[in-house]
Amino acid sequence: MAVPGVAGPNGDPPYFGAPAFYVTDLGLAGDGAGEAYQIDAYGYGSTAGTVAVVESTYEVSQGVREPRGL
């Protein structure tokens, strides 16, 4: 990604703003086996009107797994 105000490596126009993301702890996951998180991210093209937004959820559970097949 280019720095705002600086053209990209192919002479592309500068990005309107830097990308960012947010992570939100949603608490106990629905299956009760881990913690649920919501991740929201966004990035801009060359104007404020060219924005992409992505949202997903992720579950992290505790435990130790023995690697197999090594």
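Begin with the whole protein chain selected and its surface displayed: the accessible surface comes to about 5,600 Å², and carbon and sulfur atoms account for 56% of that area. Keep in mind while looking around that this is a predicted model. With the selection unchanged, colour the residues by burial, and 11% of the 70 residues in the protein chain count as buried, where buried means under 20% relative accessible area.

Next, switch to a cartoon of the protein chain, which has zero helices and three strands, so that reading along the sequence gives the pattern β-β-β.

Now select the three strands together, which form an open sheet in the order β1-β2-β3, with antiparallel pairing. The edges of this sheet are β1, residues 20–28, and β3, residues 51–60, each of which pairs on one side only. Looking across the sheet, you will find a twist that averages 15 degrees from one strand to the next. Strands of a sheet pair through backbone hydrogen bonds, either parallel or antiparallel.

From there, narrow the selection to β2, residues 35–44, together with β3, and show the backbone atoms: these two strands pair in the antiparallel sense over ten bridges. Which residue of β3 is the bridge partner of Tyr-44? Select Val-51, for this is the residue in β3 that is bridged with Tyr-44.

Finally, return to the protein chain as a whole and display its contacts, restricting them to pairs of residues at least 6 apart in sequence; among these contacts, 26% join residues at least 24 apart.

Note on methods:
Residues numbered from 1 in each chain as written. Predicted model: local features only at pLDDT ≥ 70, side-chain atom pairs only at ≥ 80, totals over all residues. Heavy atoms only, no water. Helix = DSSP H or I, 4+ residues; strand = E, 2+ residues; numbered from the N terminus. Buried < 20%, exposed > 50% of the residue type's maximum accessible area, 1.4 Å probe, protein only. Contact = heavy atoms within 4.5 Å. Areas by Shrake-Rupley, 256 points an atom, 1.4 Å probe, with all protein chains shown as cover. Pairing = 2+ DSSP bridges. Axes fitted to C-alpha atoms, helices over the stretch in contact; angles between N-to-C directions.
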